[in-house]
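Here is the note you asked for, written with a first-year reader in mind. Please look at the model before reading on.

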Amino acid sequence: MAILLTAAAPAPTYDWKLTPVGWGPVRIGMTRGQVTKALQVELKGEAFDNEGSCIELFPESEELKGTYFMFIHGKLSRITVADSDKIMTPRGIHVGSTADEVRNAYGEGLQVEPNHYLDLPAEYLTFWLKPNSRGVRFETDSQRKVESIHAGDETIQYIEGCA
């Protein structure tokens with residue numbers, strides 16, 4: 001009688017780079033179940049409307065505190081990093097980076113807009129891989145520091161999450 005041993009998949013280290021198309025094995029367009037499997041962590045949260053067409057979820061993990069996943073009609077549309085300086089883009093930008101570092105890393109391709117809630121010098125710095133389709137947006141505060149990063153589809157432009 002043969003005994004098959006299956007090794008448990010190693011726990012992810014979450015040291016992946018955040019890009020316009022995803023974060024490590026997590027890809028824009030995945031379902032909630034696929035994201036949960038890729039992260040090896042349950043996602044919690046509630047729908048923002050009666051139809052459940054938009055939902056923002058967060059992982060049940062202290063290691064992933066400050067990361068949020070937006071799903072539109074059941075598909076991942078945006079990944080947000082707000083409280084972690086450990087998650088960064090391939091160009092080295094993370095929460096806490098300066099606006100000048102973002103400008104140096106992304107150059108002329110950045111779209112610059114004033115922050116909706118804070119006075120200048122707070123702003124939104126957006127880099128599109130594919131215009132209005134795949135990009136990354138950096139929100140800076142009044143000290144010109146990145147306070148959050150959104151990566152994904154056109155929903156990176158949403159100011160109040162699903163609202």
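The points below deal with the basis of the model, its nonpolar core, one helix and a surface patch.

1. This is a predicted model, in which local features need pLDDT of at least 70 and side-chain atom pairs count only at pLDDT 80 or more, while totals for chains, interfaces and linings use all residues. Residues are numbered from 1 along each chain as its sequence is written, and side-chain values use heavy atoms, with hydrogens and water left out.

2. The largest nonpolar core has 34 residues, among which W23, V35, L39, F69 and F138 touch the most other members. Such a core is a set of buried Ala, Val, Leu, Ile, Met, Phe, Trp, Tyr and Cys residues joined through side-chain atoms within 4.5 Å, where buried means under 20% relative accessible area, exposed over 50%, and partly exposed in between (1.4 Å probe, protein chains only).

3. Leaving aside neighbours within four places in sequence, V35 is in contact (heavy atoms within 4.5 Å) with V26, M30, L43, F69, F71 and L76.

4. In α2, the buried residues are A99, V102 and Y106. Seen down the helix axis, they fall within an arc of 60° (taken from the directions from the axis to the C-beta atoms), so they line one face of α2. An α-helix has 3.6 residues a turn, so residues three or four places apart point the same way.

5. Is L118 buried or exposed? L118 is neither, being partly exposed with a relative accessible area of 34%.

Definitions and conventions
Helices (H or I, at least four residues) and strands (E, at least two) are DSSP runs, numbered from the N terminus.
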